[in-house]
Amino acid sequence: MGLGIYSQVAGATGVSYKIDASHTSVIVSWAHFGFSHPTASISEASGNIVFDKTDPSQSKVDVTLPLNTIDTRVPALTEAFLGAGYFDVKNYPTATFSSSKVTATGNNKFDVAGNLTIKGITKPVVLHATLNQQEMHPMVKKPAIGFDATATVKRSDYKLDEYVPSVSDEIAIRISTEAYAK
């Protein structure tokens, strides 16, 4: 399908999409004393993507993650993550990402530079994103877009440094999202 439908939705500056929480997955993983790489998921992501395929530098991403949804599948660890020693969700209920620059790197790949805020601490992060598809969604009957992205952050940058270095400071983040035109 050509870009004509997308131009009609949002004009020459790109298409504005709303992230679909039910088709968005955020998975974090870390090294545990060198023995394993556990994971946790964060659900109910919300936000917007503005994507301009002809001029990716005009694109923008804003995402909010409700940290009370974090799930390690180990109840005691999930409870610890929610508490004051880690994410302190009573005082900092969300993490946010807001892009500052989108750069095309070839083959439907993009570096999305921006700021990640956790526990009131904001640090620069680059998401390495792949455009999976941009076209009319066959079920929703709206223009849709899908991306997968990865990033690595240091948890100590956000004062989440319990057990470093035995439990890795570096956290791998994997994101898969689907969003629909507004």
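Start by selecting Lys60 in this predicted model. Its relative accessible area is 30%, so Lys60 is partly exposed, falling between the 20% limit for buried and the 50% limit for exposed. Now add Asp62 to the selection: this residue also has a relative accessibility of 30% and therefore counts as partly exposed. Show both side chains and look between them. Lys60 and Asp62 meet there in a salt bridge, with 3.8 Å from N to O. Side chains of opposite charge can pair when their charged atoms come close. How many salt bridges does the structure hold? The count is 1, so you can leave this stop with the cut-off in mind: a nitrogen of Lys or Arg within 4 Å of a carboxyl oxygen of Asp or Glu.

Next, go to strand S1, residues 15-19. Colour Val15, Tyr17 and Ile19 one way, and you have the covered face of S1. Colour Ser16 and Lys18 another way for the uncovered face.

Keep S1 on screen and bring in its partners. Strand S4, residues 46-51, pairs with S1 in the antiparallel sense, over 4 bridges. To find your place along this pairing, pick Val15, which stands opposite Phe51 in S4. Strand S10, residues 170-181, also runs antiparallel to S1, and 3 bridges join these two. Here a handy marker is Tyr17, opposite Ala181 in S10.

Now turn to the rings; the structure holds 6 aromatic pairs. Select Phe51 again, this time with Phe147. Their ring centres are 5.5 Å apart and their planes meet at 75 degrees, so this pair is edge-to-face. Which strands does the pair link? Phe51 sits in S4 and Phe147 in strand S9, residues 143-154, so you are looking at distant parts of the chain, 96 residues apart. Are these two rings buried or exposed? Phe51 has a relative accessibility of 3% and counts as buried, and Phe147 is buried too, at 11%.

Stay on Phe147 and add Phe110. These two form another edge-to-face pair, 6.4 Å centre to centre with 80 degrees between the planes. This pair also links distant parts of the chain: Phe110 lies in strand S7, residues 109-118, while Phe147 is in S9, 37 residues away. Phe110 counts as buried because its relative accessibility is 7%, under the 20% cut-off.

For the last stop, select Trp30, Phe81, Tyr86 and Phe87 together. These four residues form one aromatic cluster.

Conventions: Residues numbered from 1 in each chain as written. Predicted model: local features only at pLDDT ≥ 70, side-chain atom pairs only at ≥ 80, totals over all residues. Heavy atoms only, no water. Buried < 20%, exposed > 50% of the residue type's maximum accessible area, 1.4 Å probe, protein only. Pairing = 2+ DSSP bridges. Phe/Tyr/Trp six-rings, centres within 6.5 Å; stacked < 30°, edge-to-face > 60°.
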